[in-house]
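Student: Could you take me through one part of this structure closely, beginning with a sheet and its surroundings and then working outwards to the rest?

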Amino acid sequence: MAKIEVRELHKYFGENEVLRGIDCDIEEGELVCVIGPSGSGKSTFLRCINCLEEPTSGSITVSGHLMTAAHANIDKLREDIGMVFQQFNLFPNLTVMSNITLAPVLTKKCTKEEALDLGRRLLERVGLSEKENAYPRSLSGGQKQRVAIARALAMKPQVMLFDEPTSALDPEMVGEVLDVMKKLAQEGMTMVVVTHEMGFAKTVADRVFFIDEGVIAEEGAPEQVFGNPKNPRTKNFLNKVL
Amino acid sequence: MGFFELLQESLPMLLQGLGLTLQLSAVSLAIAMVLGLLASLMGMSKIKILQVINRVYVAIIRGTPLLVQAFFIYFGVTGALGIKMSAFTAGVIALSLNAGGYLSEIFRGGIQAVDPGQTEAARSLGLTQAQTLRRVVIPQAIRICIPSVVNQWCITIKDTSIICVIGLAELTRMGQQIIARTYQSFEVWIIVGVMYFLVIYLLTVLARYVEKKVSLG
C-alpha cells in the first residue's frame, strides 16, 4: 500500500473548482516535487493532504489512515504529517526551542525533558544549535525555515509536506534550506514538495508532478518530465520557467 | 472657605468615594474581561446561534446609553422580577455588561488580526483548536489588544461616575454632596477631576510599562 493515496480529489472554493480530480500514489521514502503555474492548484493539493483544506469530494489516505473519513480524528492524524510553509509561520511569541517543543509536549508525544533533548538534536541537525534561546524575529529567513523544518520533525512525522519552502527567501538563503531537505530525503523521509526550484526538482526528486488547471497534467521521473515532456502544456510551462 | 481648607475638609469623603469608585471599576472590569473573551469566542464560533447571541448583545450595548442600561437594571429588572438589588451590585452588572460588549469586539479584532498562518502551523502539528487558541493565538492577540483594552478600562473607570445616578456613593456622588453643603462647585469639581485623572494616568503609565515588557519589538 502506498504511503499517500489520493483518489478523485475535488476541491471547490465557492463556485471555483480548483482541483478537478486528482489521483496519485506516493510510495514510502519517495520524494515528489509538484510543479506548475501559479493558481494551478498545487498548493491546494498539498494542503488537502493534511486536511488544512477540506476536500469537497474524493479520498485521501496517509499511512493507511483515511483522512477524509467522517469520524477521523484529524488532530491525531496530523501528528504524523509534518508541514513546512512558505511564510515559515514560526510562533513569534516563543523561543526557537519552545517553537519546537510546544507540539510534542502538548500532544503528549514526549515529556518536557525528552522534548528538550529532541529539540537540541534537531537544531544540531539543521545547524542552528546556538539559536536555541533566540526569538524568531532575530533569525534570517533561511534560519527561520530551518527552524520550521526542525519544528515539524519534532513530531516524528512519517510524511513531510513542503509548500513552496524557499519562495519567500532571499536567493542566497535558498541553498541552506534545500540542503536540509536533501539530507532529509537521503534519510528516507517521504516528502511532497511544491516548489519553483526546478534545479531541486531535477536533481533530488524521485518523481515530478506537473499540475495544471487542477489536474496532474503530467507525471514521471524528472529526466522524463524535464527532458522529454509529453504534454504540450508541460512544454509550454517549462519553456517559460527554464 | 479657602481652597485648602475645603480640600482638607472634604478629602476624607472624597477618598471614601474614590475607594468605592476603584472597587466598582476593579470588580466590573474583571468580570467584563471574562465576559468579553467569552462573547468574542461566541462571535467567532461556527455555531450560528452563538454568533447571533453575540451580535445581539453587542448591538444592544453599543446602541443604548450606559445611563439607560443602569436605570433598566436597577429599577426595571428589579421591579419586573420583584427582587432587591444593592446599588453596587446593579452598578457592577451594568458596567460589566457594558464594558464586556466593547471588549468582546476588541478581543475579536485582536484574535482575527493574528496571521491565519499561525493557526495553520499549530493545527498542522496536531494541536487541537482549543490548544491552538490558548497557546498560539491568544498570547499574540493579547499583545495586539493591549492599547485598545487599556482605552476601554479608562472609559469604564470614568463611566463609574454615571452610576451615581442610582445612588451609589462613589466619587462623583460625594462631590455632589459636598457641593450641596458648601456651594463651591468650581473647586470641588476640580478636585474630583484631578482624582479621576490621577487614577487613569497611573493606569496608563502601568499599561505602557506592561506593553513594553510583552512587546516582540
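Tutor: In this predicted model, chain A holds an open sheet of six strands, arranged in the order β6-β7-β8-β3-β9-β10, and the pairing within this sheet is mixed. The edges are taken by β6 (81-84) and β10 (215-220) of chain A, each of which has a single partner strand, so one side of each is left without a neighbour in the sheet. If direction is ignored, neighbouring strands of this six-stranded sheet are turned by 20 degrees against each other on average. At the β10 edge, strand β9 (residues 207-212) of chain A pairs with β10(A) in the antiparallel sense, over five bridges, and within that pairing A:I211 has A:I216 of β10(A) as its bridge partner. Helix α9 (residues 232-241) of chain A packs on this sheet, where it touches β3 (31-35), β9 and β10 of chain A, and the direction of the helix makes about 95 degrees with that of β9(A).

Chain A has another open sheet, built from four strands in the order β2-β1-β4-β5, and here the pairing is antiparallel. Its edge strands are β2 (16-26) and β5 (65-66) of chain A, each pairing on one side only. Further in, strand β1 (residues 4-13) of chain A runs antiparallel to strand β4 (residues 57-62) of chain A, and five bridges join the two; one example is A:H10, whose bridge partner in β4(A) is A:S57. A helix packs on this sheet as well, namely α1 (residues 42-49) of chain A, which touches β1, β2 and β4 of chain A and whose direction makes about 120 degrees with that of β1(A).

Side chains also link strands of the four-stranded sheet, since A:R7 and A:D25 meet in a salt bridge with an N to O distance of 2.9 Å. Because A:R7 lies in strand β1 of chain A and A:D25 in strand β2 of chain A, the pair ties together parts that are 18 residues apart in sequence. Over all chains, the count of salt bridges comes to 18.

Moving outwards to the partner chain, chain B has eight helices and zero strands, and its C-alpha trace spans about 70 × 50 × 20 Å along the principal axes. The size of an interface is often given as the accessible area lost when the parts come together. For chain B and chain A the area buried between them is about 1900 Å², with 58% of it on carbon and sulfur atoms, and the contact takes 20 residues from chain B and 22 residues from chain A. Two salt bridges are found across this interface, including the one that A:D75 forms with B:R123, where the closest N and O atoms are 2.9 Å apart. Five residue pairs are in polar contact across the interface, both residues of each pair being at pLDDT 80 or more. On the side of chain B that touches chain A, the elements that give two or more residues are α5 (116-124) and α6 (129-159) of chain B, and α5(B) gives the most, with seven residues. Sorted by class, that side of chain B has seven nonpolar, eight polar and five charged residues.

Notes. Residues numbered from 1 in each chain as written. Chains lettered and ligands numbered in written order. Heavy atoms only, no water. Contact = heavy atoms within 4.5 Å. Buried area = accessible area lost by both parts, 1.4 Å probe. Polar contact = N/O pair within 3.5 Å; in protein donor to acceptor, adjacent residues only side chain to side chain. Nonpolar A, V, L, I, M, F, W, Y, C, P; charged D, E, K, R; others polar. Pairing = 2+ DSSP bridges. Axes fitted to C-alpha atoms, helices over the stretch in contact; angles between N-to-C directions.
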